Amino acid sequence: MASDCRHWIVEQAMNDNTTSTLDRLTKSAIARLTGGISPTALMAAYSDWLLHLAASPGKQMELVEKAVTAGSNLMRFAAHSAFEPEIPAPHPAQTVKGDHRFEDPAWERFPFNLMAQSFLTTEQWWHEATTGVRGETRQHSEVVSFVTRQLLDMMAPTNFVATNPVVLEQTIVQHGANLMRGLQNFIDDTARNLAHDKQSTNHYEVGVNLAVSPGKVILRNRLIELIQYTPTTTEVLAEPILFVPAWIMKYYILDLSPVNSLVKYLTDRGHTVFMISWKNPDSGDRDLGMEDYLHLGVAAALDAINAIVPGEKIHATGYCLGGTLLSIAAATMARDGDHRLASITLFAAQTDFTEPGEIGLFINESQVTFLEDMMWQKGYLATGQMAGAFQLLRSNDLIWSRIIHDYLLGQREEMIDLMAWNADATRMPYRMHSEYLRELFLENQLARAQFRVGDRAIALTDIRAPIFAVGTATDHVAPWKSVFKIHQLTDTDVTFLLTSGGHNAGIVAGPENPRRHYQISHHGANECHVEPDAWARTMSEHKGSWWPAWAEWIEAKQAGRPRVAPPAMGDEAAGYTAIEEAPGSYVLQP
């Protein structure tokens, strides 16, 4: 099935007839208007909900009752707030965990408290209306609930000058200067977007104060540059580390400013570190597929490291999609009798896609076909498309709060290194992204031991190298319970670590970060399964960064072995000469 999918993707551009081409062009044009969301998939979800709701008189009566009760509670709250403002009244509705929009004390004053409570009551009623409808498919229910929440969030009183007491007060105090600054901010951002320029990164620049760990590019092919970092100690551990970052991000999230650089942290501990830097693909790379990323990426990097550090096994580490790719590579190597991996580490990486979080709400046949048609014309998924999807998952934090802060209050948040990296988006080639969505998301072939590399399927159960898996507690991209499934999918020792923070901030947790904490445990290959919730309840909490715990785990694998002189930078005799200084050229591609 995977092979058929890949052949179809490669051949369809050549085999398209006039009708198919017209269909693709039409959908591509629609996609530019809808931000890549399939109207057909959305209509199907809402139709499913409406039809089942129409056939559920009990649910309708329940919603009417809730509306009447909520309306009565609001009326009592309004009367109490208007005539007895000095006595706090019980709120008819409460904010959900993580919603900080109405935390300012100004929202307790009338009439703003009534506006906030009216909005929260409406939001909660619509949540009841769009969930729990018998007969509706689970995905459609989640899509309708998610989209309805997004539409309501657009109309929140926090988003408008006249209904936001904090903004209104600043507008009065500053005589509207905040709005003038906000207008200038909006004009600046719009001009950058129209010019396809990345967000201003203030004083951050790659190679100047980001990605500054010294090293050499010792391999360059059509898809990657491989960076070997300069040792910072006189002796190093014998076994090197290879990082496989996701291709939807620039690699330097692992080498941010020195205080947040995992690369620097490891080299300072005496590790030899290699990093894959992916090319930012363009239309000429439309036919690069998953196997290209496997062979030109992971396999090519492993061959280079074996030449530079001969006879040593490698601690391979993958982040996000890079971790998924690494797990595919590890299973392939195990199938083929290749035992070069000393260990496998997965940072916020999924190997089972049945519970991918809210990003999976729009991954169905209709949506994937729509995305394929959108990518077909250019040959890649544009930089803003994936970034926009991730922003929607946390729209209050990443969209509306920014609009309020930048455009209504007229302020600019001081950018940090992680924010500068986040603004440096990448593209994805047509074939690879289509294969990824179909074979992993839609068909979950990797978890089902049906994903084919070459002419044979691979199985994660073949992996025997020990695994260290990191999940992040508030991850909206790779939920930690999904990452936790690596226990079920492999027959090897698994050390699992759950850290505070999200998909990016949880991983970038330098040792000087005092706010982080984590839980960790080791699970032997022959031990019984433990549910993730039960695991989280029983594991003790450790304060501080998880980086030392992971570094110590790798170092323990080499216990008893003496440290050695650092390897040479590259190996000219084997064809791995130093091409240029780190961070290389691929990371600078716009």
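Leaving aside neighbours within four places in sequence, Thr492 is in contact with Ile463, Arg464, Ala465, Pro466, Ile467, His523 and Ala525. The model in which these contacts are found is a predicted one. Thr492 lies in the loop between helix 18 (486-489) and strand 12 (494-499), and with a relative accessibility of 7% Thr492 counts as buried, since buried means under 20% relative accessible area. The side chain of Thr492 reaches the backbone oxygen of Arg464 at 2.9 Å, and Arg464 is also among the residues that Thr492 contacts.

A second buried loop residue is Asn164, placed between helix 6 and helix 7 (165-173), with a relative accessibility of 4%. The side chain of Asn164 reaches the backbone nitrogen of Val166 at 3.0 Å, while, not counting residues up to four places away in sequence, Asn164 touches Trp107, Pro157, Thr158 and Ile404. Asn164 and Val587 are 423 residues apart along the chain, and their C-alpha atoms are separated by 42 Å.

Arg101 is in the loop between helix 4 (57-83) and helix 5, and is buried, with a relative accessible area of 15%. Outside the four places on either side in sequence, the contacts of Arg101 are Trp107, Phe119, Glu123, Asp153, Ala156, Thr158 and Asn396. Two of these partners are joined to Arg101 by polar contacts between side chains: Glu123 at 3.4 Å and Asp153 at 3.1 Å.

The polar contacts described so far are set out below.

| Side chain | Partner | Distance |
|---|---|---|
| Arg101 | Glu123, side chain | 3.4 Å |
| Arg101 | Asp153, side chain | 3.1 Å |
| Asn164 | Val166, backbone nitrogen | 3.0 Å |
| Thr492 | Arg464, backbone oxygen | 2.9 Å |

Glu123 and Asp153 also take part in the meeting of two helices, in which Phe119, Thr122, Glu123, Trp126, His127 and Thr130 of helix 5 face Ser141, Val144, Ser145, Thr148, Arg149, Leu152 and Asp153 of helix 6. The residues of this contact divide into four nonpolar, six polar and three charged. The axes of helix 5 (residues 112-130) and helix 6 (residues 138-154) come within 9 Å and cross at roughly 165°; because angles over 145 degrees count as roughly antiparallel, the two helices are roughly antiparallel to each other. Helix 5 passes helix 6 in a right-handed crossing.

Another arrangement is found for helix 8 (residues 177-194) and helix 14 (residues 395-408), which pack at an angle of about 115° with their axes 7 Å apart, and which are therefore roughly perpendicular to each other. Helix 8 contributes Asn178, Leu179, Gly182, Leu183, Asn185, Phe186 and Asp189 to the contact, and helix 14 contributes Arg402, Asp406, Tyr407 and Leu408. By class, this contact has five nonpolar, three polar and three charged residues.

Some backbone features remain. A cis peptide bond joins Phe110 and Pro111, with omega about 5°, and Pro111 lies in the loop between helix 4 and helix 5. A cis peptide bond also joins Ala582 and Pro583, with omega about 15°, and Pro583 is in the segment after strand 15 (580-581). His175, which is not a glycine, has a positive phi near 55°; His175 sits in the loop between helix 7 and helix 8 and is exposed, with a relative accessible area of 74%. Ala449 likewise has a positive phi, of about 60°, and is found in the loop between helix 16 (430-442) and strand 9 (452-453), where Ala449 is partly exposed at 36% relative accessible area.

Definitions and conventions: Residues numbered from 1 in each chain as written. Predicted model: local features only at pLDDT ≥ 70, side-chain atom pairs only at ≥ 80, totals over all residues. Heavy atoms only, no water. Axes fitted to C-alpha atoms, helices over the stretch in contact; angles between N-to-C directions. Helix = DSSP H or I, 4+ residues; strand = E, 2+ residues; numbered from the N terminus. Parallel < 35°, antiparallel > 145°, perpendicular 65-115°, else oblique. Left-handed = near helix turned anticlockwise from the far one by under 90°. Contact = heavy atoms within 4.5 Å. Nonpolar A, V, L, I, M, F, W, Y, C, P; charged D, E, K, R; others polar. Buried < 20%, exposed > 50% of the residue type's maximum accessible area, 1.4 Å probe, protein only. Polar contact = N/O pair within 3.5 Å; in protein donor to acceptor, adjacent residues only side chain to side chain.
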